[in-house]
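User: I have a two-chain model open and want to talk through it. Can we start with confidence and then move to the folds and the contacts?

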Amino acid sequence: MADIAMLLLIFFMSTSIIQSHQSTAVRLPGATAGERLQAEDRIRVSVGPNGEVAFNDARVPLGDVGALLAAKRAGRPGLVVTLYADAGTPYAVVAGVLDQMKAARAPRVTLATTKRGGA
Amino acid sequence: MRIARRRSSNPEISLVSTSDVAFLLLIFFLSTAALSVERGLLLELPRAGDAPAAVPASRILTLEIDAEGSFSFDGRLTAADGIRPALAARLRAVPTTVVRLLVHARAPYHAFVTALDQVKLAGARQVSLEPGGGA
């Protein structure tokens, strides 16, 4: 019994470490219509409250996001970009990131949110 | 003189409490794993180079977000939860309505997400994103 508990413990510890991927501290906005994100081919772009941008956990200048996306996108037609932007970030920064995604021809973007109650 | 033989004892570390700690940690990780389900709003962006579609003015409805994150619906100030019913009524009359979302450069991102959320809940399928000043 204790062995099984330990095995499960190791499993949950390792998966929770994998999930703590945000290199920038991000407080996500709430949404009611947000759908559960599927475990598909995804790239993470984070935008912090002061406009700092991270691409798959590595801090990058905003202007580099498009080139990095274009490089990662090659040969991956089902790629989805997930944008983890802080609720208080000025829209101009987010619009800049969306423009870079558009230029990199990454048409499917998911805006990560937290669940807000009520419909 | 006889020296009493010391009995050899097997030193052991008591592991009784280890399983208790393991179970407590297990419950913690189980609960946090259940809470960390990620959610999101899916957007299909237009491709760079696509010609902008011409939409007649009668099919366009403008939703504006100012620098403070306040919403105006066709020029009238509205609360966030007022967007959905007004837009749903418009969509019943004109199902092909395109929502023109004008967002101020300094508007907080959560206001943009709230607007998109309400638009999605109302059932609108097409949104045009445009800079709404302050850029």
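User: Which elements of chain B have the lowest and the highest mean pLDDT?

Analyst: Helix 1 (residues 16–35) of chain B has the lowest, 77, and helix 3 (residues 109–122) of chain B has the highest, 93. Here pLDDT is the predictor's confidence in each residue, from 0 to 100, and helices (H or I, at least four residues) and strands (E, at least two) are DSSP runs numbered from the N terminus. This is a predicted model, in which local features need pLDDT of at least 70 and side-chain atom pairs count only at pLDDT 80 or more, while totals for chains, interfaces and linings use all residues. Residues are numbered from 1 along each chain as its sequence is written, with chains lettered from A and ligands numbered from 1 in the order in which they are written.

User: And what is the mean pLDDT of chain B?

Analyst: The mean for chain B is 83, and 90% of its residues reach 70 or more. The model scores ipTM 0.78 and pTM 0.76.

User: OK, the sheet in chain B. What is the strand order?

Analyst: The order is 4-3-2-5-6, an open sheet of 5 strands with mixed pairing. Two strands count as paired if DSSP finds at least two bridges between them.

User: Which strands stand at the edges?

Analyst: Strand 4 (76–78) and strand 6 (126–131) of chain B do; each has a single partner strand, so one side of each is left without a neighbour in the sheet. Neighbouring strands of this sheet are turned by 30° against each other on average, direction ignored. For such angles, axes are lines fitted to C-alpha atoms, for helices over the stretch in contact, and angles run from 0 to 180 degrees between N-to-C directions.

User: How many bridges join strand 5 to strand 6 of chain B?

Analyst: There are 6, and strand 5 (residues 98–103) runs parallel to strand 6 of chain B. B:Leu102 stands opposite B:Glu130 in strand 6 of chain B.

User: What does helix 2 of chain B touch in the sheet?

Analyst: Helix 2 (residues 80–93) of chain B packs on the sheet and touches strand 2 (60–65), strand 3 (71–73), strand 4 and strand 5 of chain B. Its direction makes about 20° with that of strand 3 of chain B.

User: B:Leu87, buried or exposed?

Analyst: Buried, because B:Leu87 has 21 C-beta neighbours inside 10 Å. The cut-offs are 20 or more other C-beta atoms within 10 Å for buried, 12 or fewer for exposed, and partly exposed in between, with C-beta atoms placed from the backbone. B:Leu87 lies in helix 2 of chain B. Leaving out residues up to four places away in sequence, B:Leu87 touches B:Leu61, B:Val99, B:Val119, B:Ala122 and B:Ala124.

User: Switching to the interface: how many residues of each chain are in contact?

Analyst: 44 residues of chain A are in contact with 38 residues of chain B; contact means C-beta atoms, placed from the backbone, within 7 Å. Helix 1 of chain A gives the most to the side of chain A that touches chain B, with 10 residues.

User: Do any strands pair across the chains, and if so, which ones?

Analyst: Strand 2 of chain A pairs with strand 1 (residues 39–44) of chain B, antiparallel, over 2 bridges. A:Arg36 stands opposite B:Arg39 there.

User: Back inside chain A, what joins strand 3 to strand 4?

Analyst: 3 bridges join strand 3 of chain A to strand 4 (residues 53–55) of chain A, and the two run antiparallel. A:Ser46 stands opposite A:Ala54 in strand 4 of chain A. Their hairpin has 5 residues between the strands, and A:Gly51 takes a positive phi near 90° in that hairpin.

Definitions and conventions. Contact = placed C-beta atoms within 7 Å.
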